[in-house]
Amino acid sequence: MRIFNWYIMKNMLWTLLIALGIITFAMMSVHLFRVFAMLSNGASPAMLTKLLLFLLPDVLRYALPFSILVATVLIFSRMSADNEIVALKASGIGIWQITAPALLLTLIFCAIGIWLGSDAAPRLRYASEQMRWQAMTNNPLALLEPGTVTKLSSQALIRVGSRDEKTGLLKDIHLIETDKDGKALREIFAESCLISANQEERELKLELYNFVIDERPVSHDAMDAFRKKEGQSPHFLTGESISIPLEYGTIQDTKRLERKLKLMPFNMLMGNLEWTKSQGQPVSKHWYEFHERLALAFSPLAFLLLGIPFGIRNRRSETSSGLVICILMALTYYGVMFLCTGLTEHPELHPEFIIWIPNLAFEIGGLLALSKIAKH
């Protein structure tokens, strides 16, 4: 029996690590593209490597449950196709004994998931955000990504259409300058732009070419259209070139003082919850963040319990069938999680409890299916 337990655990662990590597790389691809863009803009390779490592624990939180599901379905599907399950049951070994090594391994990874969600992932992700702003301090141009809105300073938003890598010329510029209260003062469009940075003074100098300026206050609808890349406001002033200085120190100094709930370790999250409650403010988002991390940490157990009967019933050694099952199950789980995130604006629906429904449904369904298999 000890040899069999080691055989199951070894195969399960090996398949899990392969799946985890592939899935993690796929999930990290979004961050990789962003890092490559920052690298081409002059950011330090060493800093960007460290940035990716700091983002890895947060990605592992989502990749680990999916990886355990893939490993479970593939391993037990192959064992079923090779009649190993039938042979073990004929030898007097029950289904619960057969699944015990996989269950033990999964509980270990659940503990790792709790540690990642409660401490490592939020703490290191917050450190990665600080590093991004450090990159802004050393090279503000490193954070300019074509097609996205970037806050250059406390009073300036910019969107760049494209960038000429040879000349460093930015094209299709859309800039909005605001006052201290966030009210738009003027909106600027330019055909192209060159940006130079004075790191000692923490100042940017924008040289805009073929520009159009609207000096009148821009409405909230126009601000929304700016973020959605829709329309333009009436023109006021045009010219061939203009130079605009912007300071970028204030936005970075204040940014470090902010910490979103998803970037707080458990102890800090609970402390912030008590402080928020003492101020008479709602704490539903705090509780959702707490339950979401725990539900995700225990999701490997749910995936395992449902994945084992799927694998045994599959009775096929081909990986394509098993992978389709894994993808459908994972999409169902992460889809409910995405839905619950959107429900945080409606605390009366208690999304902190809804987030547990996929876990409970998978676990109950898996236990019922395993009990049925054990009787045969």
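Here is a short conversation about helices, cores and a surface patch in this predicted model.

User: Why is Leu 104 called partly exposed?

Analyst: Leu 104 has a relative accessible area of 47%. Buried means under 20% and exposed means over 50%, so with 47% Leu 104 falls in between and is called partly exposed.

User: Which residues make the nonpolar surface patch, and what makes Leu 104 eligible for a patch?

Analyst: Leu 104, Ile 108, Ile 112 and Trp 115 make a patch of about 380 Å². A patch residue needs over 30% relative accessible area; Leu 104 has 47%, so Leu 104 passes that cut-off. Leu 104 belongs to helix α4, residues 95–138.

User: Where does helix α2 bend, and how do you know that α2 is mostly covered?

Analyst: Happy to take both! Helix α2, residues 45–81, bends by about 40 degrees at Val 59. As for cover, 26 of the 37 residues in α2 are buried, and buried means under 20% relative accessible area. Just after α2, Asn 83 has a positive phi of about 65 degrees.

User: Which residues touch the most other members of the largest nonpolar core?

Analyst: In that core of 50 residues, they are Phe 66, Leu 69, Phe 76, Met 79, Ile 98 and Tyr 333. Helices supplying at least two residues each include α1 (2–40), α8 (284–314) and α11 (357–375). Another core, of 19 residues, lies apart from it, with Leu 152 and Ile 213 among them.

User: What makes Phe 4 a contact of Met 79?

Analyst: Contact means heavy atoms within 4.5 Å, and Met 79 is in contact with Phe 4, as well as with Ile 8, Glu 84, Ile 85 and Leu 88, leaving aside neighbours within four places in sequence.

Notes:
Residues numbered from 1 in each chain as written. Predicted model: local features only at pLDDT ≥ 70, side-chain atom pairs only at ≥ 80, totals over all residues. Heavy atoms only, no water. Patch = residues over 30% accessible without salt bridge, like charges linked within 9 Å, V, L, I, M, F, W, Y side chains within 5 Å. Areas by Shrake-Rupley, 256 points an atom, 1.4 Å probe, with all protein chains shown as cover. Salt bridge = Lys/Arg side-chain N within 4 Å of Asp/Glu carboxyl O. Helix = DSSP H or I, 4+ residues; strand = E, 2+ residues; numbered from the N terminus. Buried < 20%, exposed > 50% of the residue type's maximum accessible area, 1.4 Å probe, protein only. Bend = angle between axes of the 7 residues up to and from the residue. Core = buried A, V, L, I, M, F, W, Y, C linked by side-chain atoms within 4.5 Å.
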